[in-house]
Amino acid sequence: MKKLIPLAAILMALTSCVKTGADIPSVEVNFQDATTDPRLSALNVPGGAVLINGYGVAGLILYREADGTYACYDRCSTVNPQKLCAVTLNSGNFVVTDPCSGGEWDLIDGSPVKSPATISLKQYNISVSNFEIYVSN
């Protein structure tokens with residue numbers, strides 16, 4: 001038992017030094033657009049997704065969920081975020097892929113679904129009111 005305590009302490013110290021990849025830079029996001037904008041037409045149906053450049057760290061992903069609500073994520077991969085690799089939409093719009101690492105995330109909640117992804121995508125606040133979409137942090 002006395003030998004297990006130092007071993008446990010060493011293991012804890014080693015695992016606490018592991019980089020998680022969740023170091024997505026914090027940037028101010030203020031995106032607003034009309035829901036009637038043709039660039040956002042994919043959001044007219046549940047499961048639709050749109051990529052918006054020029055906002056967030058590597059762009060935004062706007063996603064229309066099955067229940068009609070919306071989600072918004074930063075396109076910056078959480079695998080080696082210092083590379084600023086922007087995820088891309090897969091066919092069917094339910095999953096995005098990091099072209100640099102091959103990691104994948106589910107757009108329903110931003111959670112990782114394929115290794116080496118282990119950290120969820122960075123999520124932003126999104127609301128729709130009076131035919132306008134607002135994204136902020």
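**Notebook: a predicted model**

I looked up burial first: of the 137 residues in the protein, 36% are buried (under 20% relative accessible area, with over 50% called exposed and partly exposed in between; 1.4 Å probe, protein chains only). The model is predicted, so I noted that local features need pLDDT of at least 70 and side-chain atom pairs count only at pLDDT 80 or more, while totals for chains, interfaces and linings use all residues. Residues are numbered from 1 along each chain as its sequence is written, and side-chain values use heavy atoms, with hydrogens and water left out.

Next, secondary structure. I found 1 helix and 10 strands (DSSP runs numbered from the N terminus: helices are H or I, at least four residues; strands are E, at least two).

I then looked at an open sheet of 4 strands, with order β5-β6-β7-β8 and antiparallel pairing (strands pair if DSSP finds at least two bridges between them). Its edge strands are β5 (88–89) and β8 (112–114), each pairing on one side only. Between β5 and β6 (residues 95–97) I noted 2 bridges. Thr88 has Thr97 in β6 as its bridge partner.

Which cysteines does a disulfide join? I found Cys85 joined to Cys100, S to S 1.8 Å (the cut-off is sulfur atoms within 2.5 Å). Cys85 lies in the loop between β4 (70–74) and β5 and Cys100 in the loop between β6 and β7 (104–106), so the disulfide ties together parts 15 residues apart in sequence. Cys76 is in no disulfide; its nearest cysteine sulfur, that of Cys85, is 8.2 Å away. I noted Cys76 as buried, at 0% relative accessibility, and Cys85 as buried, at 9% relative accessible area.
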